[in-house]
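Subject: Structure for you to look at

Hello,

Here is the structure I said I would pass on. Please open it first and keep it in view while you read the notes below.

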Amino acid sequence: MPDWLHLERDGVHLACLDYGGSGSPILILPGLAAHAREWAETASWLTDRGRVLVLDARGQGHSERFPDDVSPEAHLADTAFVIEQLGIAPATVIGHSIGGQRAIMLAGGRPELVRTLVVADSGPGADDDGEAIVEAVRDDLASWPAPFESKEAAIEFFGGPSLKAEAWADGLEERNGGWWPRWDLDLLERSLREAFVGRDYWREWESIRCPALAVRTLVGEDEHREMGERLPHAQLVPLGHSDHDLHLNHPEEWRRALTEFLDRI
């Protein structure tokens, strides 16, 4: 069974799930509203390659629920702190969605901490429709009929029995007679807006010197191509799906893309 590791940085509680494994350390940074147990399927085979840890970002999962600071810089400092405190530098860092942006910041700004970088459906570009995207994400999360009556009810809402639905339901917590998300909607919206609206990460991306892989599903083709142009040594893999949760909805293709990359470096 995986073990929870608990750390504190400047009064903010950070929770990291250690799936075990031996070899070079691997740190996974989940996306917005996600949680460490969501990555159990990936960890089930990735532990054959190294020690797998998944960090719940501040504001979600088992980490601090209501931190004052949810800026990209705070998340970057958290990630660097966890790597240093656990003594796992340099690590392979895998970031999904907004976790990918944080991984890009880390690899570009703290290269001594990152052995290998993997970004899953994430890119460094700014979006002209950033505010609209933030509002769309908020509306989607606000549509969850929380509290759910049970985990089974949540699985049905998330589309019925599947790896994704069961993983998302596993992130809920039971309290006050119902099952609730482990995040606050207003705080997540603020975190997304600070990271996403009017801001890009091209400078950090161009600074990366370690081996890098970018796996694309929803990220635009033009942005993905520009990632290769600005960082020629990066390997780009388009999966051909318009599905953001590639590790849950297309686990075999995700595994193949990641393992082929790791086998080559």
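**Notes on the model**

Proline 147 sits in the loop between H4 and helix H5 (151-157). The model is a predicted one, and the peptide bond that joins alanine 146 to proline 147 is cis, with omega about 5°. A second cis bond runs from alanine 89 to proline 90, with omega near -10°. Proline 90 belongs to the loop between H2 and strand S5 (91-96).

**Residues with a positive phi**

Several backbone positions have a positive phi. Alanine 33 is a residue other than glycine, and its phi is near 70°. You will find alanine 33 in the loop between strand S3 (26-29) and helix H1 (40-46). Is alanine 33 buried or exposed? Its relative accessible area is 15%, so alanine 33 counts as buried, the cut-off for that being under 20%.

Serine 97 is another case outside glycine, with phi near 60°. Serine 97 is in the loop between S5 and helix H3 (98-109). At a relative accessibility of 18%, serine 97 is also placed in the buried class.

Glycine 87, just after H2, has a positive phi of about 65°. Aspartate 10 has a positive phi of about 50° and lies in the turn of a hairpin, which is described next.

**The hairpin of S1 and S2**

Strand S1 (residues 3-9) pairs with strand S2 (residues 12-20). The pairing is antiparallel and has seven bridges. As one point to check on screen, aspartate 3 has aspartate 18 in S2 as its bridge partner. Two residues separate the strands in this hairpin.

**Helix H2 and aspartate 78**

H2 consists of 15 residues. From its first C-alpha to its last it spans 21 Å, close to the 21 Å expected at 1.5 Å a residue. Among the buried residues of H2 are Pro72, Ala74, His75, Leu76 and Asp78. Further along H2, Thr79, Ala80, Phe81, Val82 and Ile83 are buried too.

Aspartate 78 is a charged residue in helix H2. Why does aspartate 78 count as buried? The reason is its relative accessibility of 2%, because the buried class takes in residues under 20%. Leaving aside residues up to four places away in sequence, aspartate 78 touches Arg9, Leu14 and Arg58.

**Two cavities**

How many cavities of 30 Å³ or more does the structure hold? There are two.

The largest cavity has a volume of about 80 Å³. Its lining includes Leu14, Arg58 and Asp78. Also in that lining are Leu29, Pro30, Leu55, Ala57, His75, Thr79 and Arg102. Helix H2 (residues 72-86) gives the most to this lining, with three residues. Sorted by class, the lining of the largest cavity has five nonpolar, two polar and three charged residues.

The second largest cavity holds about 40 Å³ of space. Its lining is made up of Leu32, Val134, Val137, Arg138, Leu141, Leu185, Leu188, Glu189 and Leu192. Helix H4 (130-142) and helix H7 (185-196) each provide at least two of these residues. Here the classes are seven nonpolar, no polar and two charged residues.

**Two pockets**

The largest pocket has a volume of about 960 Å³. It is lined by 38 residues, and those closest to its centre are Leu32, Ser97, Ile98, Val137 and His244. Leu32 and Val137 also line the second largest cavity, and Ser97 is the serine with the positive phi noted above.

Which helix supplies the largest share of the lining of the largest pocket? H4 does, with five residues. At least two lining residues come from each of H3, H4, helix H6 (163-169) and H7. By class, the lining of the largest pocket has 18 nonpolar, 12 polar and eight charged residues.

The second largest pocket has a volume of about 150 Å³. Among its lining residues are Arg65, Phe66, Leu141, Ala142, Trp144 and Ala146. Others in that lining are Arg175, Trp180, Pro181, Trp183, Asp184 and Leu185. Nine of the lining residues are nonpolar, none is polar and three are charged. Ala146 is the residue joined to proline 147 by the cis bond described at the start.

Regards

Methods: Residues are numbered from 1 along each chain as its sequence is written. This is a predicted model: local features need pLDDT of at least 70, side-chain atom pairs count only at pLDDT 80 or more; totals for chains, interfaces and linings use all residues. Side-chain values use heavy atoms; hydrogens and water are left out. Two strands pair if DSSP finds at least two bridges between them. Helices (H or I, at least four residues) and strands (E, at least two) are DSSP runs, numbered from the N terminus. On a 1 Å grid over the protein atoms alone, a cavity is a set of points where a 1.4 Å probe fits but cannot get out, and a pocket is an open set with protein on both sides within 12 Å along at least five of seven lines; lining residues have an atom within 4 Å of a point. Grid points are joined across faces, edges and corners, and a volume is the space filled by probe spheres set on the points. The expected span of a helix is 1.5 Å times one less than its number of residues. Buried means under 20% relative accessible area, exposed over 50%, partly exposed in between (1.4 Å probe, protein chains only). Contact means heavy atoms within 4.5 Å.
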